[in-house]
Amino acid sequence: MRLKEIIERFTLVSGFEMKDVSRYLPIVDDCKAYFESLLPELNEADTRRAEHACAVYAFYRISQLGRLDDMKSFKVGDVQMNMDAIGVAARKLWENERENISDILDISGNFAFRSVRV
């Protein structure tokens with residue numbers, strides 16, 4: 001997966017300008033590493049789908065972080081952003097994207113022990 005492509009898609013789904021993305025690069029890079037650890041070898045078309053899904057996932061994760069510090073809104077240029085609205089939109093976008101890539105990646109969010117040896 002290509003970080004440059006993920007960042008470009010992140011700017012599209014998040015609405016952030018490229019100059020504002022630098023503060024979120026560690027999270028975007030962590031999401032890329034997470035996806036790469038779960039993905040099998042992919043063809044070009046599926047790689048593009050995974051990169052888009054990774055960008056959406058990064059936007060979702062970042063929207064959740066903003067809500068942790070009780071920040072209710074912030075301003076980007078002339079636009080006032082409401083964190084609750086962003087969080088809801090990011091969650092819906094991620095749920096839809098997760099469904100769209102379920103054929104190549106299973107991120108169900110469920111955790112289970114398969115077996116335990118003592």
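The legends below describe an overview and several close-up views of one predicted model.

Residues are numbered from 1 along each chain as its sequence is written. In this predicted model, local features need pLDDT of at least 70 and side-chain atom pairs count only at pLDDT 80 or more, while totals for chains, interfaces and linings use all residues; side-chain values use heavy atoms, with hydrogens and water left out.

**Figure 1. Overview of the chain, with four helices and two strands.** Helices (H or I, at least four residues) and strands (E, at least two) are DSSP runs, numbered from the N terminus. Along the sequence, these elements follow the pattern α-α-α-β-β-α. The chain has 118 residues, and 36% of them are buried. Here buried means under 20% relative accessible area, exposed means over 50%, and partly exposed lies in between (1.4 Å probe, protein chains only). About 7800 Å² of the chain is exposed, and carbon and sulfur atoms supply 50% of that area. Accessible areas come from the Shrake-Rupley method with a 1.4 Å probe; for residues, only the protein chains shown count as cover. A contact is a pair with heavy atoms within 4.5 Å. Of the contacts in the chain with a separation of 6 or more, 64% are between residues 24 or more positions apart.

**Figure 2. The salt bridge between Arg2 and Glu44.** A salt bridge is a side-chain nitrogen of Lys or Arg within 4 Å of a carboxyl oxygen of Asp or Glu. The structure holds nine salt bridges. In the pair Arg2 and Glu44, the closest N and O atoms are 3.2 Å apart. Arg2 lies in the segment before helix H1 (3-14) and Glu44 lies in helix H3 (residues 44-68), so the salt bridge ties together parts that are 42 residues apart in sequence. Arg2 is partly exposed, at 31% relative accessibility. Glu44 is also partly exposed, with a relative accessible area of 44%.

**Figure 3. Glu44 and Arg48 in helix H3.** The side chains of Arg48 and Glu44 meet in a salt bridge, with 3.5 Å from N to O. Both residues lie in helix H3, four residues apart, which is about one turn of the helix. An α-helix has 3.6 residues a turn, so residues three or four places apart point the same way. Arg48 counts as partly exposed, at 38% relative accessibility. Salt bridges that share partners join Arg2, Glu44, Arg48 and Glu51 into one network.

**Figure 4. A salt bridge within helix H1, between Lys4 and Glu8.** The closest N and O atoms of Lys4 and Glu8 are 3.0 Å apart. The two residues are four residues apart in helix H1, about one turn of the helix. Lys4 is exposed, with a relative accessible area of 55%, whereas Glu8 is partly exposed at 30%.

**Figure 5. Arg9, a buried residue without a salt bridge.** Arg9 lies in helix H1. The nearest side chain of opposite charge is that of Glu5, 4.7 Å away. For this purpose Lys and Arg count as positive and Asp and Glu as negative, while His and the chain ends are not counted. Apart from neighbours within four places in sequence, Arg9 is in contact with Arg48, Glu51, His52 and Ala55.

**Figure 6. Helix H2 (residues 25-38) and its buried face.** The 14 residues of H2 should span 20 Å at 1.5 Å a residue, and the end C-alpha atoms are 20 Å apart, which agrees. The expected span is 1.5 Å times one less than the number of residues in the helix. The buried residues of H2 are Val28, Cys31, Lys32 and Phe35. Seen down the axis of H2, these buried residues fall within an arc of 105°, so they line one face of the helix. The arc is that of the directions from the helix axis to the C-beta atoms. On the other side of H2, Pro26, Asp30 and Ser37 are exposed.

**Figure 7. Ile104 and Asn100 with parts of the chain far away in sequence.** Ile104 lies in the segment after helix H4 (83-100). Ile104 is buried, with a relative accessible area of 13%. Leu38 is 66 residues from Ile104 in sequence, and the two are 9.5 Å apart in space, C-alpha to C-alpha. Leaving aside neighbours within four places in sequence, Ile104 is in contact with Leu39, Pro40, Leu42, Asp46, Arg49 and Ala50. Asn100 is in helix H4 and counts as partly exposed, at 41% relative accessibility. The C-alpha atoms of Asn100 and Arg49 are separated by 8.7 Å, and the residues are 51 apart along the chain.
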